[in-house]
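Student: I would like to test some structural labels against their cut-offs. Can we go through them one by one?

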Amino acid sequence: MSATSGVNVLRYSALALGVAYGFYHQRNITQHVRSEQAQREYKHKEQLIAQAKAEYAKSKQPASAKTESKAGGPKLDLNDPNFDIEALINSVMGDKA
């Protein structure tokens, strides 16, 4: 009788350890999946923010800077801190000549 109760104790001990290990392993897998999902969401949000910043910069670009980048001429905005009067005069004189 003592042999069968010892075997039963070993069986149930092994069963309990197996269940505990399964719970631990499943928790680690779930945690890993959640962290990967959070990283993907964070990278996606970073990408959206970068795209929004680029679109905002494009929409808020002054009209004179847009025409300069297209035409390649000097800036015509007198309020622009990078305004170059000499380049404007040279371009006007070059057009007349």
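Tutor: What follows is a set of labels, each set against its rule.
This is a predicted model, where local features need pLDDT of at least 70 and side-chain atom pairs count only at pLDDT 80 or more, while totals for chains, interfaces and linings use all residues. Residues are numbered from 1 along each chain as its sequence is written, and side-chain values use heavy atoms, with hydrogens and water left out.

Student: What makes the elements of the protein chain run α-α-α?
Tutor: Helices are DSSP runs of H or I with at least four residues, and strands are runs of E with at least two, numbered from the N terminus. The protein chain has 3 helices and 0 strands.

Student: Which element has the lowest mean pLDDT, and which the highest?
Tutor: pLDDT is the predictor's confidence in each residue, from 0 to 100. Helix α2 (residues 63–71) has the lowest mean, 55, and α1 the highest, 95. For the protein chain the mean is 85, and 81% of its residues reach 70 or more. Where pLDDT is low, the predicted coordinates should not be read in detail.

Student: Why is the pair Glu55 and Lys58 called a salt bridge?
Tutor: The rule asks for a side-chain nitrogen of Lys or Arg within 4 Å of a carboxyl oxygen of Asp or Glu. In Glu55 and Lys58 the closest N and O atoms are 3.8 Å apart, so the pair meets the rule. The count comes to 1 salt bridge.

Student: How far apart are Glu55 and Lys58 along helix α1?
Tutor: They are 3 residues apart, so about one helical turn separates them.

Student: Why is Glu55 called partly exposed?
Tutor: Buried means under 20% relative accessible area, exposed over 50%, and partly exposed in between, with a 1.4 Å probe and protein chains only. Glu55 has 44%, so it is partly exposed. Glu36, which lies in helix α1, is partly exposed too, at 34%. Of the 97 residues of the protein chain, 4% count as buried.

Student: What makes the link between Glu36 and His32 a polar contact?
Tutor: A polar contact is a pair of N or O atoms within 3.5 Å; within protein, one must be able to donate a hydrogen and the other to accept it, and residues adjacent in sequence count only if both atoms are side-chain atoms. The side chains of Glu36 and His32 are joined at 2.8 Å, so the distance passes.
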